[in-house]
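Please open the model in a viewer and keep the sequence panel visible. The tour below proceeds by selections, and each stop states what is to be found there.

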Amino acid sequence: MKNKKPHILFLFSDTGGGHRSSTESIIEALHLEFGDSITTEMVDFLKGGAPLPFNKMPDWYPEMVKAPHFWGLSFKISDGRLRARAITASMWPYIGKATKALVKNHPADMIVAVHALATTAFLKALSDGDVDDRPHFITVVTDMVTSHALWFDTRADLSLVPTEMARQRALAYDMPPEKLRVVGQPLPERCAVPSGTKSELREKLGLPQDLFIALLVGGGDGMGPIKETAEAIANSGLYLGLVIVAGRNEKLQAELETTDFGIPTFVYGFTKELPDFMCASDVLITKAGPGTIAEALAGHLPLILFARLPGQEDGNVTYVEETNTGVWAPNPEDVVRTLVRWITHPPTREKVVENCKAVAQPEASRNIARIIGEKLGISTK
């Protein structure tokens, strides 16, 4: 493709909120780095191009993860280099035509895959010889540690991974070391440059200045034992401020809004202000989603992880424990015990804050943008 401005096609899908938010963060960083000297495009390759039943996966995802043990079993059974290739090969006769059509209808100088299912399928479409000028192809891996084998294909120009643990996993899947770079998890620019101090953000968000604030989040879809955890905190005898983000789970939001917790409680649905809420809080209680963990680390916010998606998020818990940036607390009672320890003994929590600062990578999206620019031969504005 010969354009005056390099055009970058991002392939993502709304199977969980992380793929979209990571894509948007990289695009934001690209325009901050290169201004209008490039053009970008986002395509949900499942919803917008795949045949039935694959185009329904974004709609089914919230229900699919409600069976975590089945999800974890599926992850483990399908993981592995040879098994991943067999999956793609068996699906290709059914998805090949649609995949090639999407590439043809969205010509680009570079394709960036921000979803594991997009990697091998689209690289096969590009390698079949139907594309005149093969675009550059970069994979941005958004699983923090336990990255499925489907992410990795040696035909990609580069695979950008968030942690050294993920890099080691990629090497185990026979990715060449020269095609791997550890860049961190893509994050919005305001995670790198907060919009205010803790005091300023509390004033902006209407939160009390003089209370310890616990932020309780279940990801974009409001997953995990949020209500049970909130009730345990409320019944613990601790007096603190509790901010609960229910995400897109409107039923949960309605239940929380009609519950009297007996402590200052603030309930929200899905919000793009999560970085501000994190910077205004003293602790984050959440499921082990990679994007949420990375945002918390960037905000120097200690983590209490109360849920994880088996297989995919197992390594995220290990990462948080090994870096001492938080704890695994799968029961509401464990959450309360950690809160008691951190509130009654502030130096313990402060040590975790320092660990968060040490491992945070708030510049990840900028790093990714610069690598893309380098590959396309464009310079910063």
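Which residue is the bridge partner of S159 in β6? Select S159 together with β6: the partner is L180. Please note before going further that this is a predicted model.

**Stop 1: strand β5 and its two neighbours**

Select β5, residues 158-161. S159 also has a counterpart in β4, for T139 stands opposite S159. The pairing of β4 with β5 is parallel and comprises 3 bridges. On the other pairing, β5 and β6 likewise run parallel and are joined by 3 bridges.

Now display the side chains of β5. Are the faces of this strand covered or exposed? Both are covered: L158 and L160 are buried on one side, and S159 and V161 are buried on the other. Add helix α6, residues 164-172, which lies across β5 and β6. The direction of α6 makes about 165° with that of β6.

**Stop 2: the whole sheet**

Extend the selection to the complete sheet. It is an open sheet of 6 strands, ordered β2-β1-β3-β4-β5-β6, with parallel pairing. β2 and β6 (180-182) occupy the edges; each has a single partner strand, so one side of each is left without a neighbour in the sheet. From one strand to the next, the twist averages 20°.

Move next to β3, residues 110-113, and β4, residues 136-140. These two strands run parallel and are joined by 4 bridges. Within this pair, I111 stands opposite F137 of β4. Add helix α5, which packs on the sheet and touches β1, β3 and β4. The angle between the directions of α5 and β4 is about 175°.

**Stop 3: helix α4**

Select residues 81-105, which form helix α4. What distance separates the C-alpha atoms at the two ends of this helix? The span is only 30 Å, whereas a straight helix of 25 residues would cover 36 Å at 1.5 Å a residue. Centre the view on W92, where α4 bends by about 70°. A proline, P93, follows within four residues of the bend.

W92 is also among the buried residues of α4, together with A84, T88, I95, G96, T99, L102 and V103. To see what covers these residues, display β1 (7-12), β2 (39-44), α3 (68-78) and α5 (116-127), which are included in the covering elements.

**Stop 4: S13**

Select S13, in the loop between β1 and α1 (18-34). Is this residue buried or exposed? S13 counts as buried because its relative accessibility is 0%. Display the side chain of D44 as well: a polar contact of 2.8 Å joins it to the side chain of S13. Beyond the neighbours within four places in sequence, the residues in contact with S13 are H19, D44, F45, L46, P58 and H115.

**Stop 5: P6**

Go back along the chain to P6, in the segment before β1. P6 counts as buried, at 15% relative accessibility. Add A108, whose C-alpha atom is separated from that of P6 by 7.6 Å although the two residues are 102 apart along the chain. With neighbours within four places in sequence set aside, the contacts of P6 are S37, I38, T39, D109, L376 and I378.

**Stop 6: backbone details in three loops**

Three selections remain, each concerned with backbone geometry. The first is P53, in the loop between β2 and α2 (57-64). The peptide bond leading from L52 to P53 is cis, and its omega is near 0°.

Select H300 next, in the loop between α12 (290-298) and β11 (303-307). What is the phi of H300? It is near 55°, a positive value in a residue other than glycine. With a relative accessibility of 33%, H300 counts as partly exposed.

Finish at N324, located in the loop between α13 (314-322) and β12 (326-328). N324 has a positive phi of about 55°, although this residue is not a glycine. Its relative accessible area is 47%, and N324 is thus partly exposed.

Notes:
Residues numbered from 1 in each chain as written. Predicted model: local features only at pLDDT ≥ 70, side-chain atom pairs only at ≥ 80, totals over all residues. Heavy atoms only, no water. Expected span 1.5 Å × (residues − 1). Bend = angle between axes of the 7 residues up to and from the residue. Buried < 20%, exposed > 50% of the residue type's maximum accessible area, 1.4 Å probe, protein only. Contact = heavy atoms within 4.5 Å. Polar contact = N/O pair within 3.5 Å; in protein donor to acceptor, adjacent residues only side chain to side chain. Pairing = 2+ DSSP bridges. Axes fitted to C-alpha atoms, helices over the stretch in contact; angles between N-to-C directions.
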